[in-house]
Amino acid sequence: MGTRLWRRCCVHKFKFLLVVLVIALFIGEIGCFCLCFVTWRMPQASSDSLNLLFVSDSQIQGYRGDRPGILGYITRFDSDWYLKKAFFMALTSFFPDAVIHLGDVFDEGSIATAEEFQEYKARHDRIFHTPAGVYRIHIAGDNDIGGESSDIITEEEVARFSANMGPLNDVIKLKYTFQIVKINSVSLLRRRPFVSEWKIYNDTMAFIDDLPSKLDPDRISILIGHVPLTHTSGSQVVPVIKLIEAVQPQHAFSGHIHKRATINHKIGTVTFTEHVVPTCSYRMGTEKMGFAVAVIGVDGSIVFSVLPLPKRYPFLMTYLGIICVFIVFALQWHCNG
């Protein structure tokens with residue numbers, strides 16, 4: 001009689017835990033995203049305005065720095081799943097003319113083998129699937145091609161990134177009013193390039209020199225790069241001034257530091273605001289993640305908004321706690337069976 005009562009009690013506990021797990025999964029996988037969604041402040045877009053969706057420091061997780069075996073597979077899957085859900089929600093809420101990835105697209109892009117890079121690229125395309133007709137722009141970050149600390153930029157890494165994601169430096173003209181200047185700001189991180197980096201650095205300097213012939217003075221110029229201008233090396237002040245005077249940007253956007261920032265610049269005779277977009281990956285260990293949207297009018301006006309994303313680790317810890325309790329009850333059931 002006592003054993004039967006104990007078993008009935010355990011069955012009720014199992015059912016209760018199952019209900020708790022289902023509720024936790026619903027909140028963690030759907031509810032928290034919906035709660036974030038209602039806080040999003042979407043600017044009013046129009047057919048004439050330039051409507052941009054920014055993704056920064058997604059850092060698609062690689063194989064080398066992640067946990068080995070099945071645990072690594074689970075953590076990579078969860079990170080990819082989180083980003084995919086978040087991006088899908090952003091795309092269904094805002095209809096951009098272009099999606100701009102502000103660098104550090106991959107976590108291990110600069111150290112990946114050719115095969116690993118293609119696998120990371122395939123995962124990236126699945127996560128950030130973008131409808132036809134929406135322009136996709138990718139900036140190279142230091143995790144993609146190197147350039148920070150002892151991670152050397154090589155011509156092979158640059159060629160690989162360019163072949164898959166587009167050139168490091170470019171001028172992209174959208175609609176009839178706007179032009180986006182894409183700059184390899186990673187080459188401006190060092191006080192002086194390493195010997196093997198000089199060609200890539202000189203290519204960026206040549207691009208800056210040629211900008212006056214590439215730009216339309218009647219269009220609104222927008223500057224995008226991975227590294228905020230305030231984080232470039234002090235010894236690169238001359239190239240930065242030359243860049244700004246050539247572009248004459250009304251707005252600039254960057255990433256790299258994993259958190260939101262608004263920086264007002266006066267460089268030479270040019271005054272403009274740089275918007276730093278936070279990381280969208282919870283794996284970066286920051287408290288606040290998000291995408292960003294901007295609507296730029298034909299008069300140069302801008303409405304910029306960050307789209308906050310939900311925290312992830314509290315829900316993962318909740319799942320783990322419930323599963324551990326399940327295991328304890330299962331072991332008790334087995335031992336008392």
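The following dialogue examines the cores, pockets and cavities of a predicted model, together with one serine.

Trainee: What should be known about the model before its features are discussed?

Mentor: The model is predicted, so local features need pLDDT of at least 70 and side-chain atom pairs count only at pLDDT 80 or more, while totals for chains, interfaces and linings use all residues. Residues are numbered from 1 along each chain as its sequence is written, and side-chain values use heavy atoms, with hydrogens and water left out.

Trainee: Why is S221 called buried?

Mentor: Buried means under 20% relative accessible area, exposed means over 50%, and partly exposed lies in between, with a 1.4 Å probe and protein chains only. S221 has 5% relative accessibility, and therefore it counts as buried. S221 is placed in strand β6 (residues 220–224); a strand is a DSSP run of E with at least two residues, a helix is a run of H or I with at least four, and both are numbered from the N terminus.

Trainee: What makes the approach of S221 to V247 a polar contact?

Mentor: A polar contact is a pair of N or O atoms within 3.5 Å; within protein, one must be able to donate a hydrogen and the other to accept it, and residues adjacent in sequence count only if both atoms are side-chain atoms. The side chain of S221 reaches the backbone oxygen of V247 at 3.2 Å.

Trainee: Which residues does S221 touch?

Mentor: A contact means heavy atoms within 4.5 Å. Leaving aside residues up to four places away in sequence, S221 touches Q179, V247, Q248, P249, Q250 and H251.

Trainee: What makes a group of residues a nonpolar core?

Mentor: The members are buried Ala, Val, Leu, Ile, Met, Phe, Trp, Tyr and Cys residues, joined through side-chain atoms within 4.5 Å. The largest such core here has 43 residues, and L53, F87, F128, F291 and L309 have the most contacts inside it. Helix α2 gives the most to this core, with seven residues. A second, separate core of 22 residues includes L102, I139, L174 and F253.

Trainee: What distinguishes a cavity from a pocket?

Mentor: On a 1 Å grid over the protein atoms alone, a cavity is a set of points where a 1.4 Å probe fits but cannot get out, whereas a pocket is an open set with protein on both sides within 12 Å along at least five of seven lines; lining residues have an atom within 4 Å of a point. Grid points are joined across faces, edges and corners, and a volume is the space filled by probe spheres set on the points. The search of the whole structure finds two cavities of 30 Å³ or more. The largest cavity holds about 60 Å³, and the second largest has about 40 Å³.

Trainee: How is the lining of the largest cavity divided by class?

Mentor: Ala, Val, Leu, Ile, Met, Phe, Trp, Tyr, Cys and Pro count as nonpolar, Asp, Glu, Lys and Arg as charged, and the others, Gly among them, as polar. The lining has seven nonpolar, three polar and one charged residue. Among the lining residues are L223, G225, F253 and E274.

Trainee: What are the volumes and linings of the two largest pockets?

Mentor: The largest pocket contains about 280 Å³ of space, and its lining has five nonpolar, one polar and three charged residues. The second largest pocket has a volume of about 220 Å³, with five nonpolar, no polar and five charged residues in its lining. Helix α2 supplies the largest share in each case: four residues for the largest pocket and six for the second largest.
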